[in-house]
Amino acid sequence: MELHNLTPAAGSVKTAKRVGRGAGSGLGGTSTRGHKGAKSRSGYSKKIGFEGGQMPMQRRLPKFGFKNINHVEYKAINLSTLQALAEAKKLEKIGLQELREAGFVNKSMLVKILGNGALTSRLTVEAHAFSKKAEEAITAAGGQIVKL
C-alpha cells in the first residue's frame, strides 16, 4: 500500500447530485423543484409560522395574561435546610457565600428564608428577605438576622 493507490472504502463516498446541468443528466429542466409556484423560485423563504394562507396559530389564539415588571423572584430556603447545613459544616454564620458553596443558590439569585422546619443552632443568617416565622425562630434560637 502506497499513497498513490489509497482509496476510500467501498460505498463510503457518494457523488454530489448536480442539478440543473442539462436534460441528459436527468436533473435538468426544473432541477428537482417541481413546476412553478413560490418554492420553485430563487430567493424563496417561507415566513416563520406560515400555514399556507390558513389563519396562523399565533393569530387564532387569544392574547391573555400579563407580566408584572415589578415582580421580584426569590429562591426559598427553609430553616430545616439551614439547620442541616449548620450541622454538616459546623457553621455559626450562614450567608450567601455558604449557600453558594453548598449548591443551593447561584450568584444571580435573591434568597428568602422561610420558617419551615425547626432551628436549634444559634446562627447569624444573611439573606435578602425573611418570613415572619423564620425571623421569630432565628431570634428565639439566639441567632441574628442580617438583611442584605
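## A tour of two parallel sheets and the segment before α1

Begin by selecting Ala127 and Lys147: the bridge partner of Ala127 in β6 is Lys147. The model on display is predicted, and every stop below should be read with that in mind.

**The sheet β2-β4-β6**

Extend the selection to strand β4, residues 124–127, and strand β6, residues 144–147. These two strands pair in the parallel sense, and four bridges join them.

Now add strand β2, residues 93–94. Strand β2 pairs with β4, again in the parallel sense, over two bridges. Two pairs of residues mark this contact. Lys93 has Thr124 as its bridge partner in β4, and Ile94 stands opposite Val125 of β4.

With the three strands selected together, an open sheet is visible in the order β2-β4-β6, with parallel pairing. Its edge strands are β2 and β6, each of which pairs on one side only. As a general point, the strands of a sheet pair through backbone hydrogen bonds, in either a parallel or an antiparallel manner.

Stay on β4 and display its side chains. Which of them are buried, and which are not? The side chains alternate along the strand: Val125 and Ala127 point to one face and are buried, whereas Thr124 and Glu126 point to the other face and are not buried. Val125 is thus met twice on this tour, as a buried residue of β4 and as the residue opposite Ile94. Thr124, which is not buried, is the partner of Lys93.

**The sheet β1-β3-β5**

Next, select β1 (74–78) and β5 (129–130), and add β3 (110–114). These three strands form an open sheet in the order β1-β3-β5, and the pairing is parallel. Strands β1 and β5 stand at the edges with a single partner strand each, so one side of each has no neighbour in the sheet.

To inspect one of the contacts, zoom in on β3 and β5, which pair in the parallel sense over two bridges. Here Ile113 has Phe130 as its bridge partner in β5.

**The loop between α3 and β3**

Move to Ala102, which lies in the loop between α3 (96–101) and β3 (110–114). Ala102 is partly exposed, with a relative accessible area of 30%. Draw a distance from the C-alpha atom of Ala102 to that of Leu6: the two residues are 96 apart along the chain, and their C-alpha atoms are separated by 57 Å.

**The segment before α1**

Leu6, at the other end of that distance, belongs with Met1 and Leu3 to a nonpolar surface patch, whose members together have about 450 Å² of accessible area. Met1 is found in the segment before α1 (57–60) and is exposed, at a relative accessible area of 88%.

Two further residues deserve a look at the backbone. In general, most residues other than glycine have a negative phi. Select Ser31, in the segment before α1: although not a glycine, Ser31 has a positive phi of about 55 degrees. Then select Lys36, also in the segment before α1, where phi is positive at about 50 degrees, again in a residue that is not a glycine.

Is each of these two residues buried or exposed? Ser31 is buried, because its relative accessible area of 18% falls under the 20% limit. Lys36 counts as exposed, at 69% relative accessibility.

**The whole chain**

Finally, zoom out and colour the protein by secondary structure. Four helices and six strands are present, and along the sequence they follow the pattern α-β-α-β-α-β-β-β-α-β. The radius of gyration is 33 Å, well over the 15 Å that the globule rule gives for 148 residues, so the protein is more spread out than a compact globule. Taken along the principal axes, the box filled by the C-alpha atoms is roughly 90 × 65 × 20 Å.

Colouring by accessibility completes the view. Of the 148 residues, 20% are buried. The protein exposes about 11800 Å², of which carbon and sulfur atoms supply 54%. Among contacts between residues at least 6 apart in sequence, 40% join residues at least 24 apart.

Key
Residues are numbered from 1 along each chain as its sequence is written. This is a predicted model: local features need pLDDT of at least 70, side-chain atom pairs count only at pLDDT 80 or more; totals for chains, interfaces and linings use all residues. Side-chain values use heavy atoms; hydrogens and water are left out. Patches are made of residues with over 30% relative accessible area and no salt bridge: like charges are joined within 9 Å, nonpolar side chains (Val, Leu, Ile, Met, Phe, Trp, Tyr) within 5 Å. Accessible areas come from the Shrake-Rupley method with a 1.4 Å probe; for residues, only the protein chains shown count as cover. A salt bridge is a side-chain nitrogen of Lys or Arg within 4 Å of a carboxyl oxygen of Asp or Glu. Buried means under 20% relative accessible area, exposed over 50%, partly exposed in between (1.4 Å probe, protein chains only). The radius of gyration is taken over C-alpha atoms; the globule rule is 2.2 Å times the number of residues to the power 0.38. Contact means heavy atoms within 4.5 Å. Two strands pair if DSSP finds at least two bridges between them.
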